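Q: Please take a close look at one loop residue in this model and at what surrounds it. Then set that part against the rest of the chain.

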Amino acid sequence: MLPLVLLGFGIAFSLGQNDTGPLVLEGKCLVVCDANPSAEGAFTSSFGISVRAGGAKVAFSALRGTNHEPSDMSNKSLTIYFDQILVNIGNHFDLQASVFQAPRRGIYSFSFHVVKVYNRQTIQVNLMHNEYPIISAFAGDQDVTREAASNSVLLYLEREDKLYLKLERGNLMGGWRYSTFSGFLVFPL
């Protein structure tokens, strides 16, 4: 009897709503009543009621505790691998592959910070989105031993889009956890 009462409650709100936007009720689950439901990963009834799990939070932050020197490694793709996770809400950052995979369509924020190993070298790091560079960071002062390169961006992502960092040239300092990669879902679409 309780499911029918809740279903009737959702229908009443859905029918009473104009087309200006979805009505959102929060509790142990998130109920979205929408005239044109298209929520990914949601159950949608014939009445136009979409139900999604309330755990829509997505955030990660990873760091590198060792140097990254591709000439000494078998890393032919030049992907920057991280060895520690500080935060992984939703578990969408794969530490072994060091790749973030978007769980849903939305606007995401990403940032990274890397430090070069030695002077007289240049580093360039790209944030890769499905194998294509989106933004870069560059550090090339020849007289500075430990120079940092950072960047951040807001991106529109589709579900299952993948992001990772690629070292285009140079070597990264890692011993004191200098290199970090973080991201989070700003809002779903």
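A: Outside its neighbours within four places in sequence, Ser98 is in contact with Ile80, Tyr81, Phe82, Phe93, Leu163 and Tyr164. The model is a predicted one, and what follows describes its computed coordinates. Ser98 belongs to the loop that joins β7 (93–94) to β8 (99–101). Is Ser98 buried or exposed? Ser98 counts as buried because its relative accessible area is 0%, under the 20% cut-off. A polar atom of the Ser98 side chain lies 3.1 Å from the backbone oxygen of Leu95. The backbone of Ser98 has a positive phi of about 55°, although Ser98 is not a glycine.

The two strands on either side of this loop are partners. β7 and β8 pair in the antiparallel sense, over two bridges. Asp94 stands opposite Val99 in β8. Both strands belong to an open sheet of five strands, in the order β7-β8-β13-β10-β11, with antiparallel pairing. The edges of this sheet are β7 and β11, each of which pairs on one side only. In general, the strands of a sheet pair through backbone hydrogen bonds, in either a parallel or an antiparallel sense.

Elsewhere in that sheet order is β10, and His129 is found in this strand, which covers residues 123–129. His129 counts as buried because its relative accessibility is 17%, which is under 20%. The side chain of His129 makes a polar contact with the side chain of Asp161, at 3.0 Å. Not counting residues up to four places away in sequence, His129 touches Ile134, Leu157, Asp161, Lys162 and Leu163. Leu163 is also one of the residues in contact with Ser98. Leu163 is thus a contact of both Ser98 and His129.

Beyond β10 comes another loop residue with a positive phi. Glu131 sits in the loop between β10 and β11 (132–139). The phi of Glu131 is about 80°, and Glu131 is not a glycine either. What is the exposure class of Glu131? Glu131 counts as exposed because its relative accessibility is 56%, over the 50% cut-off. So the two loop residues fall into opposite classes: Ser98 is buried at 0%, whereas Glu131 is exposed at 56%.

A second open sheet also has five strands, in the order β6-β5-β14-β9-β12, and its pairing is antiparallel. Its edge strands are β6 (84–89) and β12 (148–157), each pairing on one side only. From one strand to the next, the twist averages 10°. Within this sheet, β5 (residues 59–64) and β14 (residues 179–188) pair in the antiparallel sense over six bridges. Ala59 stands opposite Phe184 in β14.

Ala56 lies in the loop between β4 (49–53) and β5. Ala56 is partly exposed because its relative accessible area is 25%, which falls between the 20% and 50% cut-offs. Leaving aside neighbours within four places in sequence, Ala56 is in contact with Arg104 and Leu185. Ala56 and Leu185 are 129 residues apart along the chain, and their C-alpha atoms are separated by 8.8 Å.

For the chain as a whole, there are one helix and 14 strands. Of the 189 residues, 38% are buried. Among contacts with a separation of 6 or more, 64% join residues 24 or more positions apart. The chain exposes about 10,700 Å², of which carbon and sulfur atoms supply 55%.

Confidence varies along the chain. The mean pLDDT is 75, and 60% of the residues reach 70 or more. Over residues 43–47 the pLDDT stays under 50, and the model has nine contacts for this stretch beyond four places in sequence. Residues 49–54 also have a pLDDT below 50, and the model gives this stretch 30 contacts beyond near neighbours in sequence. Where pLDDT is low, the predicted coordinates should not be read in detail.

Technical notes
Residues are numbered from 1 along each chain as its sequence is written. Side-chain values use heavy atoms; hydrogens and water are left out. Two strands pair if DSSP finds at least two bridges between them. Helices (H or I, at least four residues) and strands (E, at least two) are DSSP runs, numbered from the N terminus. Axes are lines fitted to C-alpha atoms, for helices over the stretch in contact, and angles run from 0 to 180 degrees between N-to-C directions. pLDDT is the predictor's confidence in each residue, from 0 to 100. Contact means heavy atoms within 4.5 Å. Buried means under 20% relative accessible area, exposed over 50%, partly exposed in between (1.4 Å probe, protein chains only). A polar contact is a pair of N or O atoms within 3.5 Å; within protein, one must be able to donate a hydrogen and the other to accept it, and residues adjacent in sequence count only if both atoms are side-chain atoms. Accessible areas come from the Shrake-Rupley method with a 1.4 Å probe; for residues, only the protein chains shown count as cover.
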